[in-house]
Amino acid sequence: MVMTTETAHRLHQKFPKKHNHYALRDFFQFNGEYGTITDWNDTRNVLTSEDFIIGLLEGLQEEVGDASSAIMYTVGLEWGKIDSLQFETWFEREFSMSPRRANLMFLLETWWWPYISQGWGRWEVDMSDRKQGFMFINLFDSAVARTLGDVGKPVCHLYAGLFAGFFTEMVRKQLSCIEIQCYSMGETYCKFLLGGRERIDAAAFWMNEGANARDIEKRLRAGEGGQ
């Protein structure tokens, strides 16, 4: 991204080693003269309404039908891949170390907390099954699901793609992701399964057969679903 005087975060330039930039006016730079919002990582931000999200999803559904979920996943996937590369850049700049040398949970929280600030929701990463080749991500206050409400099916395909793209780049291994529980299904939070293609396909099949998130967890931990 090419930085200009209207997009570069002035506090970042003034305090390049500052880490406690968690206050609203520290993380976001509101430039009324240029009509821009820049965050601490020099990324441009755009404010949108819930009506925009609804219009985007319903418009896509009207145009392509059920393929809209695959399109949103692909958008998220490419977003995650690009964001992973940008994250590596600003992480090294801020902490003077490669992300691959950092503590894993610190690394993941550092990546996600700007998303919390931007309104994408809080998360919990359950890595207890990582050695088995999969992991779960719990997402609270999904911007998509919160907006659409209870529609009886998973709707956070954008998030699933985002997680798949980011982790694929970070671990240098092709990964996929599926939402196995969603706020839009009447649950209190969204839950994602991240892993290899074979396991994700198995989870999708089980969901189509009526399995819930607890059923899928149980079957995966029992060794079903492939490697």
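Author: Before we start, a word on labels: helices here are DSSP runs (H or I) of at least four residues, strands (E) are runs of at least two, and both are numbered from the N terminus. Also keep in mind that this is a predicted model.

Reader: Fine. Let's begin with empty space. Which element gives the largest share of the lining of the largest pocket?

Author: The general idea is that rolling a probe the size of a water molecule over the atoms shows where empty space is left. In this model, H4 is the biggest contributor to the lining of the largest pocket, with ten residues. That pocket has a volume of about 1200 Å³, and 42 residues line it.

Reader: Where should I look to find its centre, and which residues lie nearest to it?

Author: Go to Arg-44, Asn-45, Trp-79, Gln-118 and Trp-120, which lie nearest the centre of the largest pocket. Zooming out, the elements that give two or more residues to its lining are E1, E2, E3, H3 (50-64), H4 (68-95), H5 and H6 (143-148). By class, the lining splits into 24 nonpolar, eleven polar and seven charged residues.

Reader: And the second largest pocket: how many residues line it?

Author: The count is 22, with Ser-69, Lys-153, Pro-154, Val-155 and His-157 nearest the centre. The second largest pocket holds about 600 Å³ of space. At least two lining residues each come from H3, H4, H7, E6 (176-181) and H8 (197-208). Its classes are 13 nonpolar, five polar and four charged.

Reader: On to sheets. What is the order of the three-stranded one?

Author: In general, strands of a sheet pair through backbone hydrogen bonds, either parallel or antiparallel. Here the three strands make an open sheet, ordered E1-E2-E3, and the pairing is antiparallel. E1 (28-31) and E3 (44-45) are the edge strands; each has a single partner strand, so one side of each is left without a neighbour in the sheet. If you want to check one pairing by eye, E2 (36-39) and E3 are joined antiparallel over two bridges, with Ile-37 opposite Asn-45 in E3.

Reader: There's a four-stranded sheet too. Which strands are at its edges?

Author: This sheet is open and antiparallel, and its order is E4-E5-E7-E6. The edges are E4 (122-126) and E6, each pairing on one side only. Neighbouring strands are turned by 25° against each other on average, direction ignored. For E6 and E7 (190-195), five bridges hold an antiparallel pair, and in that pair Glu-179 has Phe-192 of E7 as its bridge partner.

Reader: Which strands does H5 touch when packing on that sheet?

Author: H5 touches E4 and E5 (134-140), and its direction makes about 160° with that of E4. Helix H9 (213-221) also packs on the sheet, where it touches E4, E5, E6 and E7; the direction of H9 makes about 160° with that of E5.

Reader: Last one: at what angle do H5 and H7 pack?

Author: H5 (104-117) and H7 (157-171) pack at about 145°, with axes 13 Å apart, and the crossing is right-handed. On the H5 side, look for Leu-107, Leu-108, Trp-111, Trp-112 and Tyr-115; they meet Tyr-159, Leu-162, Phe-163, Phe-166, Phe-167 and Met-170 in H7.

Reader: How do the residues of that contact divide by class?

Author: Eleven are nonpolar, with no polar and no charged residues in the contact of H5 with H7.

Notes:
Residues numbered from 1 in each chain as written. Predicted model: local features only at pLDDT ≥ 70, side-chain atom pairs only at ≥ 80, totals over all residues. Heavy atoms only, no water. Axes fitted to C-alpha atoms, helices over the stretch in contact; angles between N-to-C directions. Left-handed = near helix turned anticlockwise from the far one by under 90°. Contact = heavy atoms within 4.5 Å. Nonpolar A, V, L, I, M, F, W, Y, C, P; charged D, E, K, R; others polar. Pairing = 2+ DSSP bridges. 1 Å grid on protein atoms, 1.4 Å probe; cavity = no way out; pocket = protein on both sides within 12 Å on 5 of 7 lines; lining within 4 Å. Points joined across faces, edges and corners; volume = space filled by probe spheres on them.
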